[in-house]
Structures are given as C-alpha cells and as structure tokens.
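Please look at the sequence and the model first, and then follow this report, which moves from one loop residue to the two iron sites and on to a few other places in the chain.

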Amino acid sequence: MRPRLLFTAMAVACLGAGALLAQDAPRLRGPDPFTREQAAPPMQRPITNDIRVKRNYPDQPPVIPHAIEGYALDLNANKCMSCHARRFTEQSQAPMISVTHYQDREGNTLGGLAPRRYACLACHVPQTEARPLVDNRFVDMDVLTEPERHSGGRSNR
Ligand code: HEC
Ligand code: HEC
C-alpha cells in the first residue's frame, strides 16, 4: 500500500511541476494553441553594421557583426578563414583568430586551425533585431565589482 501511495503522490507532484513549467516557458508560437496551423513568422533581419560588439565576459566568443549569408563552411571550404586566418588579415583587415584556435585540447599549438575550431558557427553567431523571448537579467562583471572599485578594495557588503 505504502509504495503505491508514494508513487501517486510523486506522479501528482510531477504533473503539477510540468504544468507550471509549461506556463512559464516562452511561447515561440505565440498565443495560439499548437493544434492550429499558422504562417511562419518572417525571418529576422541580421545586424551587419560592422561594429564589433563588446563581450559580456573575457572568454566569450565574440558575436559576428557582418553578413555571413552564402559563406561556405563545409568539408572542402571555410570561407571565414579566407579573412580571419593569420595570413589573410592584412588584406581583409579582419581580426585574426586568437591563439586558442590553433591549440588542440591538450594545449599543443598546431601549425594551422585546430579541427575543434573549424566549425566557427558552433561558437560565433550573428545577431538579429529580434526581441528576446524572455527578459535577460545578466549582470556585467564590471557592474558587480563597481562598489569594490570605488572603495579601493573589498566591498563592505
Ligand atoms: C570578407 C572577409 C570576412 C569574411 C569572409 C568573414 N569575416 Fe568575420 N570579420 C571581418 C572583418 C573585417 C571584421 C571586423 C568587423 C567588421 O568589419 O565587420 C570581422 C569580424 C568578425 C567577428 C568579430 C570579432 C570581434 O572581436 O568582435 C567575428 C566573431 C567574425 N568576424 C566571425 C566570422 C565568421 C564565423 C565568418 C564565417 C562565417 C566570418 N567572420 C567571415 C571579415 C570577414
Ligand atoms: C569551440 C568554440 C569556437 C570555435 C569553433 C571558434 N571560435 Fe573563435 N573564439 C572562441 C572564443 C571562446 C573566443 C574568445 C576567447 C579566445 O580568443 O579564445 C574566440 C575569439 C575569436 C575571435 C577574436 C580574436 C581576438 O583576438 O579578438 C575571432 C576573430 C574568432 N574567434 C573567429 C573564429 C573563426 C573565423 C572560427 C572558425 C574558423 C572560430 N572563431 C571558431 C570560440 C570559438
């Protein structure tokens, strides 16, 4: 009897949690129920103003500030490297891929692009003018350490 009771209680709890989560999840499809057919929303316009974007933390892969439509990125060709590889940066004026892109996972520096850094778009993404689905509450480290810097040391908080 006991295990069955426990099981029922757990099932009810899970259903409840599931319902709550479903309510909070951002609705990609808008307010209509998923059973109703809808036209796909228009593609968002990419931001291509060529202005390099501040990173939110030092190790962040910088976002792409230019158009990448039609750039081949497959087994035979990597269009990104035709500007970002060390030897092409003078003519392209593109920032060079950093040294981490030449290192394998053991930390050895290789003569060329490390295979694990070949698929640039796995880490670097263009931006669009789309409105975020949920509020972003990210706080920049500079803001977090602000009181510290003003008191010239540790904050008293
Ligand atoms: C025709 C040359 C060219 C090609 C091809 C190119 N880029 Fe760029 N990229 C640039 C230049 C120049 C900049 C500097 C900002 C600007 O002018 O847009 C830049 C900036 C960037 C930045 C921002 C760097 C930073 O520090 O903020 C990233 C990330 C980037 N490119 C990734 C890519 C990826 C990924 C591809 C392939 C899908 C690619 N680029 C293809 C020329 C190029
Ligand atoms: C596995 C994730 C990953 C992949 C794949 C990757 N990058 Fe990066 N990239 C990063 C990170 C993280 C940084 C910032 C820290 C650093 O330099 O390692 C960065 C930095 C950069 C920068 C700025 C360098 C600088 O010194 O300011 C450029 C440009 C760039 N990447 C281009 C590329 C291109 C082009 C490719 C594809 C050939 C690529 N990345 C593939 C993660 C990646």
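Where is the place of Asp50? Asp50 sits in the loop between H1 and H2, where helices (H or I, at least four residues) and strands (E, at least two) are DSSP runs, numbered from the N terminus. Before going further, please note that this is a predicted model, in which local features need pLDDT of at least 70 and side-chain atom pairs count only at pLDDT 80 or more, while totals for chains, interfaces and linings use all residues. Residues are numbered from 1 along each chain as its sequence is written, chains are lettered from A and ligands numbered from 1 in the order in which they are written, and side-chain values use heavy atoms, with hydrogens and water left out.

## The chain as a whole

The protein chain has 5 helices and 0 strands, and its pattern along the sequence reads α-α-α-α-α. Of its 157 residues, 11% count as buried, a word that here means under 20% relative accessible area, whereas exposed means over 50% and partly exposed lies in between (1.4 Å probe, protein chains only).

## The site of ligand 1

Around ligand 1 there are 20 residues, of which Asp50, His66, Cys80, Cys83 and His84 come nearest; a residue is counted here if one of its heavy atoms lies within 4 Å of the molecule. The iron atom of ligand 1 has His66 (NE2) and His84 (NE2) as its protein donors, lying 2.0 Å from it. Donors are N, O and S atoms within 2.8 Å of the metal (3.2 Å for Na, K and Ca), and because water is not among the atoms, sites may look incomplete. His66 lies in the loop between helix H1 (2–24) and helix H2 (81–84), while His84 lies in helix H2, so the pair ties together parts that are 18 residues apart in sequence.

What makes the arrangement around the iron atom of ligand 1 octahedral? The 6 donor atoms subtend angles of 87 to 179°, and six donors count as octahedral if opposite donors are over 155 degrees apart and all others between 65 and 115. His66 counts as partly exposed because its relative accessibility is 25%, and His84 is also partly exposed, with a relative accessible area of 21%.

Asp50, with which this report began, is exposed, because its relative accessible area is 56%. Asp50 also has a positive phi of about 65° although it is not a glycine.

## The site of ligand 2

Ligand 2 is surrounded by 24 residues, and those that come nearest are Ser98, His101, Cys120, Cys123 and His124. For the iron atom of ligand 2, the protein donors are His101 (NE2) and His124 (NE2), lying 2.0 Å from it. His101 lies in the loop between helix H3 (89–92) and helix H4 (141–144), and His124 lies in the loop between H3 and H4, so this pair ties together parts that are 23 residues apart in sequence. The 6 donor atoms around this iron atom subtend angles of 88 to 178°, which makes the arrangement octahedral. Both His101 and His124 are buried.

## Polar contacts of the two ligands

The table lists polar contacts between side chains and the ligands, a polar contact being a pair of N or O atoms within 3.5 Å (within protein, one must be able to donate a hydrogen and the other to accept it, and residues adjacent in sequence count only if both atoms are side-chain atoms).

| Side chain | Ligand atom | Distance |
|---|---|---|
| Asp50 | oxygen atom of ligand 1 | 2.6 Å |
| Arg52 | oxygen atom of ligand 1 | 2.8 Å |
| His66 | nitrogen atom of ligand 1 | 2.9 Å |
| Arg55 | oxygen atom of ligand 2 | 2.9 Å |
| Thr100 | oxygen atom of ligand 2 | 2.5 Å |
| His124 | nitrogen atom of ligand 2 | 2.8 Å |

## Other loop residues

Gln60 is placed in the loop between H1 and H2, and it counts as buried because its relative accessibility is 10%. A polar atom of the Gln60 side chain lies 2.7 Å from the backbone nitrogen of Asn56.

Ala114 is found in the loop between H3 and H4 and counts as buried at 1% relative accessibility. The C-alpha atoms of Ala114 and Tyr102 are separated by 4.9 Å, although these residues are 12 residues apart along the chain.

Is Gln93 buried or exposed? Gln93, found in the loop between H3 and H4, counts as exposed at 65% relative accessibility, and Gln93 has a positive phi of about 60° although it is not a glycine.

Notes. Four donors count as tetrahedral if all angles lie between 85 and 135 degrees; four count as square planar and six as octahedral if opposite donors are over 155 degrees apart and all others between 65 and 115; anything else is irregular.
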